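Thanks for coming. I will go through one structure this morning, starting with a term that comes up often. Please keep the view open while I talk.

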Amino acid sequence: MVTLRRWWDRKGLQIGLLALILGSAWVLRQTQGQLLMEVYQVMTRPLEMLQTGPSPEERLKDARFLELQTRIADLESQNQKLQDLLGYIEKQPLSSRPIPGRVVGRSADHWWQQVTINRGSNMGIQEGFVVKADGGLVGLVESVTPNTSRVLLISDLKSQVGVTVSRTSAKGVLRGDSSAEAVLEFYEKVPNVRVGDLVSTSTYSQKFPAGLAVGRVKSLDLKKLPTSVAKVDLFPPIRSLDWVAVYPKPTNQEMENQESPKQKVQKFN
């Protein structure tokens with residue numbers, strides 16, 4: 001008996017701890033951890049009450065509120081842009097009012113080359129139609145489906161636009177540079193041009209009517225060979241196009257009317 005008591009004195013504590021561990025494991029298995037979660041919540045609730053930050057529910061409400069604010073701001077911005085465009089369209093003669101369209105497609109790989117708008121042949125748009133936005137010329141309709149049109153931007157590397165310097169009538173070809181700037185190659189070796197001059201489409205252009213705003217001369221290189229060149233800041237927001245206006249391409253009669261008498265003589269010689 002004495003030996004058993006001594007053995008229990010030495011091993012009783014260990015046996016009790018082992019029984020507690022096994023019992024706890026069995027309870028956890030039967031309750032799938034719910035009891036442990038209850039104990040954890042009871043122990044941590046006082047700490048949560050001491051915290052000064054927002055609760056998870058409050059953070060969720062804040063996130064939803066910020067989402068709604070963002071959506072409202074976006075809708076207000078879109079509404080203002082659309083109103084501005086419609087106001088601009090209403091000022092045009094009824095016979096030449098453009099078709100409004102919104103940019104709905106733009107690839108990161110072709111950001112400066114082309115955009116897709118949500119108007120197509122069902123609205124009367126055809127290849128060769130002229131596309132403008134706030135600031136001036138944007139590009140040319142390159143292809144059309146019933147409900148969409150793909151627009152070749154003037155910032156595309158293969159884009160070429162006949163332009164003139166408004167102050168001196170110096171002329172040249174504007175080529176895209178895959179950026180918000182374009183390169184103007186002059187016909188003259190030493191053109192009468194200076195930084196800050198305004199640039200618009202010229203009467204030499206075969207695809208666009210004359211007088212459409214394009215941009216402003218940013219820098220000049222009059223020593224470049226074989227011809228002088230200038231960097232032109234484009235007026236239209238090519239980087240962030242949203243709403244645009246689509247115009248019918250100029251008719252042959254309109255193109256002839258914008259030519260000077262000298263050009264007409266050269267054309268027939």
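Partly exposed, in this talk, is the range between buried, which is under 20% relative accessible area, and exposed, which is over 50%. Arg-167 has a relative accessible area of 38%, so Arg-167 is partly exposed. I should also say at the start that this is a predicted model.

Let me begin with the barrel. Six strands form a closed barrel in the order E1-E2-E5-E4-E3-E12, and the pairing is antiparallel. On average, neighbouring strands of this sheet are turned by 45 degrees against each other, ignoring direction. Look at E1, residues 99–105, and E12, residues 243–247: these two strands run antiparallel and are joined by four bridges. Which residue in E12 is the bridge partner of Arg-102? The partner is Trp-243.

Next, salt bridges. The count comes to seven, and I will show three of them.

The first on my list is between Glu-142 and Lys-158, with the closest N and O atoms 3.6 Å apart. Glu-142 is in strand E4, residues 136–144, while Lys-158 is in the loop between strand E5 (149–153) and E6; the two residues are 16 apart, and the pair links distant parts of the chain. Are these two residues buried or exposed? Glu-142 has a relative accessible area of 26%, so it is partly exposed. Lys-158 has 57% relative accessibility and therefore counts as exposed.

Now back to Arg-167. The side chain of Arg-167 meets that of Asp-197 in a salt bridge, at 2.8 Å from N to O. Here too the pair links distant parts of the chain: Arg-167 is in the loop between E6 and E7, Asp-197 is in the loop between E8 and strand E9 (198–201), and their positions lie 30 residues apart in the numbering. Asp-197 counts as buried because its relative accessibility is 5%.

My third salt bridge is formed by Asp-177 and Lys-231, whose closest N and O atoms are 2.7 Å apart. Asp-177 lies in the loop between E7 and E8, and Lys-231 lies in strand E11 (residues 229–234), so this pair ties together parts that are 54 residues apart in sequence. Both residues are partly exposed: Asp-177 has a relative accessible area of 28%, and Lys-231 has 27%. There is also a network: salt bridges that share partners join Glu-142, Arg-150 and Lys-158.

On to the rings. Arg-106 lies over the face of Trp-111, 4.2 Å from the ring centre. The charged end of Lys-171 sits over the ring of Tyr-204, at 5.5 Å from the centre of that ring. As for aromatic pairs, the structure holds one.

Last, two serines and their backbone angles. What is the phi of Ser-169? Phi is near 65 degrees, a positive value in a residue that is not glycine. Ser-169 is in the loop between strand E6 (160–165) and strand E7 (171–176). With 46% relative accessibility, Ser-169 counts as partly exposed.

Ser-178 is not a glycine either, and its phi is positive, at about 55 degrees. You will find Ser-178 in the loop between E7 and strand E8 (181–186). Its relative accessibility is 25%, so Ser-178 counts as partly exposed.

That is the end of my list. I can take questions now.

How values were computed:
Residues numbered from 1 in each chain as written. Predicted model: local features only at pLDDT ≥ 70, side-chain atom pairs only at ≥ 80, totals over all residues. Heavy atoms only, no water. Buried < 20%, exposed > 50% of the residue type's maximum accessible area, 1.4 Å probe, protein only. Pairing = 2+ DSSP bridges. Axes fitted to C-alpha atoms, helices over the stretch in contact; angles between N-to-C directions. Phe/Tyr/Trp six-rings, centres within 6.5 Å; stacked < 30°, edge-to-face > 60°. Lys NZ or Arg CZ within 6 Å of the ring centre and 35° of its normal. Salt bridge = Lys/Arg side-chain N within 4 Å of Asp/Glu carboxyl O.
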